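I opened this one to see how the chain is put together and where the backbone does something unusual. My notes follow in the order I looked things up.

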Amino acid sequence: ATKSDGVDITGELQADSLDIDGDGTIDGSLTITTADNTAQLTLKSTDGDASSGPELDLIRESASPADDDDIGHISFKGQNDAGTPETVAYAEIDTIIRDFTDGTEDGELRLNVRRNGTLREALSLGSDVVFNEGSEDVDVRMESDGNTHMFFLDGGNNTVGIGTDS
C-alpha cells in the first residue's frame, strides 16, 4: 500500500537489488547469503579526513545495565564431519561489563577457541591480561626474527624457556 510518507509492504518483498538513499532501520533479524566467496557485508567510508572510518558499533541498550552483563558476542561457526546441518562455534569474541558505575566503568574482552571439542577461554583482556584461565596444558610461544622459541612457556611442565623449547 502506498502512504503519504512511503510504502507499506505486508509479507515478503522480492527485488533484484535494493538501493537506500538515506538512513534505514530493520526491526528484526537479517540474514545475508551468497553462493560464492565474496564479502557478504561491506562497510565503506568515503570520508577524506583523518578521523576513523568506517565504524561499526555493537550497542546493547539496556534499561537496567549491571556488572557482569554480556554486551556483545561474535561467533565464528562452521560444520564438522558429522553430516548434520548444525554448526559448531570454532571461535568466539565476547565482551562483558565488569563495572558499569559512571566514571569508573570497566570492561573485559575474551577470545575463546575450540580445543578438543570444547570451547575454551584462550585470552582475557580486562583489569588483567590472562592467558589460559582454565589452567589447561597449553603452551605459549613468542618468536623473534631468528628464533621460533625466543620465549616459551610449557603449560604441561610448568617451565619457561628463553631461546629454547626445553
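**Overall layout**

Walking from the N terminus, I read the elements of the protein chain as β-β-β-β-β-β-β-β-β-β. That makes 10 strands and zero helices. Note to self: this is a predicted model.

I checked the dimensions next. The C-alpha atoms fill a box of roughly 75 × 50 × 35 Å along the principal axes. The radius of gyration is 23 Å, where a compact globule of 166 residues would come out near 15 Å.

How much of the chain is buried? I get 13% of the 166 residues. I also looked at contacts with a separation of 6 or more: residues 24 or more positions apart account for 14% of them.

For the surface, I have about 13700 Å² exposed, with carbon and sulfur atoms supplying 47% of that area. On charge, I count 37 negative side chains and 10 positive ones. The centres of these two sets lie 6 Å apart.

**S4, S5 and S6**

I followed strand S4 (residues 88-99) into strand S5 (residues 106-115) and found them antiparallel, joined by eight bridges. To get the register, I looked across from Glu92 and found Asn112 in S5 standing opposite. The hairpin of S4 and S5 leaves six residues between the strands, and Gly103 there takes a positive phi near 95°.

S5 also pairs with strand S6 (residues 118-125), again antiparallel, over seven bridges. Here Val113 faces Arg120 in S6. The S5-S6 hairpin has two residues between its strands, and Asn116 in the turn has a positive phi of about 50°.

**S8, S9 and S10**

Then I went to the C-terminal strands. S8 and S9 are antiparallel with three bridges, and Arg141 has Phe152 in S9 as its bridge partner. S9 continues to strand S10 (residues 159-162), antiparallel over four bridges. Phe151 sits opposite Ile162 in S10. In the S9-S10 hairpin, with four residues between the strands, I noted a positive phi near 55° at Asn158.

Which side chains of S9 are buried, and which are not? In strand S9 (residues 151-154), Phe152 and Asp154 point to one face and are buried. Phe151 and Leu153 point to the other face and are not buried. I'd jot down the background too: in a regular strand the side chains alternate between the two faces of the sheet.

**Backbone oddities in the loops**

I kept one reminder in mind for this part: most residues other than glycine have a negative phi, and most peptide bonds are trans.

Where is Pro54? I found Pro54 in the loop between strand S2 (6-7) and strand S3 (70-78). The peptide bond from Gly53 to Pro54 is cis, with omega near 0°.

Asp68 lies in the loop between S2 and S3 as well. Its phi is near 70°, a positive value in a residue other than glycine. I looked up its accessibility: Asp68 counts as partly exposed because its relative accessibility is 48%, and the partly exposed class runs between 20% and 50%.

Ser135 is also not a glycine, and I read a positive phi of about 55° for it. Ser135 belongs to the loop between strand S7 (129-131) and strand S8 (140-142). Is Ser135 exposed or buried? At 64% relative accessibility, Ser135 goes down as exposed.

Note on methods:
Residues are numbered from 1 along each chain as its sequence is written. This is a predicted model: local features need pLDDT of at least 70, side-chain atom pairs count only at pLDDT 80 or more; totals for chains, interfaces and linings use all residues. Side-chain values use heavy atoms; hydrogens and water are left out. The radius of gyration is taken over C-alpha atoms; the globule rule is 2.2 Å times the number of residues to the power 0.38. Buried means under 20% relative accessible area, exposed over 50%, partly exposed in between (1.4 Å probe, protein chains only). Contact means heavy atoms within 4.5 Å. Accessible areas come from the Shrake-Rupley method with a 1.4 Å probe; for residues, only the protein chains shown count as cover. Lys and Arg count as positive and Asp and Glu as negative; His and the chain ends are not counted. The place of a charge is taken as NZ of Lys, CZ of Arg, CG of Asp or CD of Glu. Two strands pair if DSSP finds at least two bridges between them.
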